[in-house]
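Biologist: I'd like to learn how to read a model like this one, feature by feature. Can you walk me through it?

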Protein chains: 2
Amino acid sequence: MPVAQPRNRRRIPCSACPLRDCGAFRELDDTELAFVEEFKSGEFQIEAGTVLLEEDNDSPHLYTIMDGWGFRHKALEDGRRQILNYALPGDLVGLQSAMFHKMEHSVEALTDMTLCVFERKRFFELYTDHSELAFDITWLAAREERMVDDHLLNVGRRSAQERIGYIILHLYDRLERIGKARKGELAMPLTQQHLADTLGLSLVHTNRSLNALIKSGLISWENNVCVINDRDKLVDMTHYEGADPRTLRPLI
Amino acid sequence: MPVAQPRNRRRIPCSACPLRDCGAFRELDDTELAFVEEFKSGEFQIEAGTVLLEEDNDSPHLYTIMDGWGFRHKALEDGRRQILNYALPGDLVGLQSAMFHKMEHSVEALTDMTLCVFERKRFFELYTDHSELAFDITWLAAREERMVDDHLLNVGRRSAQERIGYIILHLYDRLERIGKARKGELAMPLTQQHLADTLGLSLVHTNRSLNALIKSGLISWENNVCVINDRDKLVDMTHYEGADPRTLRPLI
DNA sequence: CGTTCAATTGAGAGCGATCAAGTTTAGTGG
DNA sequence: CCACTAAACTTGATCGCTCTCAATTGAACG
């Protein structure tokens, strides 16, 4: 699959962005909103499986996810792959190539995705003209790092079942915060291979551990829908510590 | 060990900072240097073992490491600990508390350290008055995330011996870049317990794997000095991919 | 010369990997 | 709507890497 090239599409004004209504994002003032609106160079839709950004490449674009799931990953030469994190609506992807002029990981669409496109060559304007937004970018970078920190603890120090429980809680909370999940139910586009590559486990062992977790009753997982049946016990079992759900985050 | 509180000490002007001469950092112009000089509220020395920043706390300070090693880590309630990354001279620590008003990990001194102290409450001035420096902060945040990405791949997908080889190459390259290591030789303040907690392994297995690696001849490790005897073979064996050694990074 | 911390070694168990079939589900084209 | 195909999921069996428990050795220090 070749790396996707953005083409312009119909365009939703940032002031009418459907994401802004879910209560998870901080309000932008008029000048900020006008800047983002003008900074945004278009929209872009890609299909599940498309490679959005590729390791070692230098992308001229940054993206904010309006809809759909992606994942960041990197691989060893012999094919062993590690998924680093998932990219969900409201997340910014491609910041690395804006900083280093080179991607150190790939980003692939897990579902069909709708993206807002920004030009890297105009990225620095944001720093000169809108210090609040510049601060927001740093905030987002720090948030991403915090999530990877948590995943590293997960992979390094939790058992297989704990890892699975943890990642389910993590994804659920992120999606619930933006109104894409509720009542403990979560549409899960992941295959078990994705899970395995996220958790540093083999496919076979992931399958067995997941089924053991299901049999224990704490969660269900059928037809790509995952249900958290007993959140308290799952939190306890996995030693999960979610982020403060009240903090507002920036959306650019 | 209580969390360290900064006290002022004798003070090296930023323009005469010994770190700036090693050729790894980008040059600041006069106004930037003047700002950093004035932003810096003091210096601070701590002993090995001191906790500099503690998980869940909100620190009023940020630090740049002038000398010594620290490490970032977080732990599960039952004591299992994961070291997330090492903090070396030139690195900024405490950005998380500046962003989130709360640390999600701890930072501990591995050796005696000398730190430059900055006040978080003045941090935003950097964004309003010096967009280049603001960009630099984001750059540093992205760099830190990239390192954690690499560590996650390491812990998730490499074998024990590969993990050890990888982390040695990683630390060596970072230190060589700032003139703190050369000729394949590296002063290593880590205990095997630190190594184990970095690599997601048990202490016993770390010991056996390290000794196997030493026996293979690729490295030596005696009296806290680690020597890379055959870099090419070690790079090959670990599938190591270092960062571009020519890129200059910011120093704030 | 105890004390303490780090490194080492042995033994046994088990978690998770690998190899190898199957089975179920989903997608495609006739 | 059914046959065909590919992808995803399961299951069994076996291997071995890594963990845990338990001692012991070595080095540093007052």
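Modeller: Sure, let's begin with salt bridges: a salt bridge is a side-chain nitrogen of Lys or Arg within 4 Å of a carboxyl oxygen of Asp or Glu. Keep in mind that this is a predicted model. Here B:Arg246 pairs up with B:Asp244, and their closest N and O atoms are 3.1 Å apart.

Biologist: Are those two partners buried or exposed?

Modeller: Buried means under 20% relative accessible area and exposed means over 50%, with partly exposed in between. B:Arg246 has a relative accessible area of 66%, so it is exposed. B:Asp244 comes out at 36%, which means it is partly exposed.

Biologist: Which salt bridge crosses between chains?

Modeller: Take A:Asp197 and B:Arg157, whose side chains meet at 2.8 Å, N to O. That pair runs from helix 6 (residues 192-199) of chain A to helix 4 (residues 131-157) of chain B. A:Asp197 counts as buried because its relative accessibility is 7%. B:Arg157 is also under the cut-off, at 14%, so it is buried too.

Biologist: And what about A:Glu32, which partner does it have?

Modeller: A:Glu32 forms a salt bridge with A:Arg26, with 3.6 Å between the closest N and O atoms. Both A:Glu32 and A:Arg26 are buried.

Biologist: How many salt bridges are there over all chains?

Modeller: The count is 48.

Biologist: Let's move on to the nonpolar core. Which residues touch the most other members of the largest one?

Modeller: The idea is to take buried nonpolar residues and link those whose side-chain atoms lie within 4.5 Å. The largest such core holds 54 residues, and A:Phe123 and B:Phe123 touch the most other members. Setting aside neighbours within four places in sequence, A:Phe123 is in contact with A:Phe39, A:Leu62, A:Leu95, A:Ala98, A:Met99 and A:Ile137, plus B:Phe135 from chain B.

Biologist: Now a single residue in a strand. Where is A:Met113 found?

Modeller: A:Met113 sits in strand 8 of chain A, which covers residues 113-119. Its relative accessibility is 2%, so A:Met113 counts as buried. Look along the chain as well: A:Glu47 is 66 residues away from A:Met113, yet their C-alpha atoms are separated by 6.4 Å. Beyond its neighbours within four places in sequence, the contacts of A:Met113 include A:Phe44, A:Ile46, A:Ile65 and A:Trp69.

Biologist: What does the fold of chain A look like overall?

Modeller: Start with the secondary structure: chain A has eight helices and eleven strands. The radius of gyration of chain A is 18 Å, close to the 18 Å that the globule rule gives for 252 residues, so chain A is as compact as a globular protein of that length. Its C-alpha trace spans about 55 × 40 × 30 Å along the principal axes. Of the 252 residues in chain A, 62% are buried. For the surface, chain A exposes about 10,300 Å², with carbon and sulfur atoms supplying 48%.

Biologist: What share of the contacts in chain A join residues at least 24 apart?

Modeller: Among contacts between residues at least 6 apart in sequence, that share is 74%.

Biologist: Last one: which domains is chain A divided into?

Modeller: There's domain 1 (14-146) and domain 2 (152-238). Taken over C-alpha atoms, the centres of these two domains of chain A are 25 Å apart. At their meeting place, 19 residues of domain 1 are in contact with 18 residues of domain 2.

Definitions and conventions:
Residues are numbered from 1 along each chain as its sequence is written. Chains are lettered from A and ligands numbered from 1 in the order in which they are written. This is a predicted model: local features need pLDDT of at least 70, side-chain atom pairs count only at pLDDT 80 or more; totals for chains, interfaces and linings use all residues. Side-chain values use heavy atoms; hydrogens and water are left out. Buried means under 20% relative accessible area, exposed over 50%, partly exposed in between (1.4 Å probe, protein chains only). Helices (H or I, at least four residues) and strands (E, at least two) are DSSP runs, numbered from the N terminus. Contact means heavy atoms within 4.5 Å. The radius of gyration is taken over C-alpha atoms; the globule rule is 2.2 Å times the number of residues to the power 0.38. Accessible areas come from the Shrake-Rupley method with a 1.4 Å probe; for residues, only the protein chains shown count as cover. Domain bounds come from an automatic or database domain assignment.
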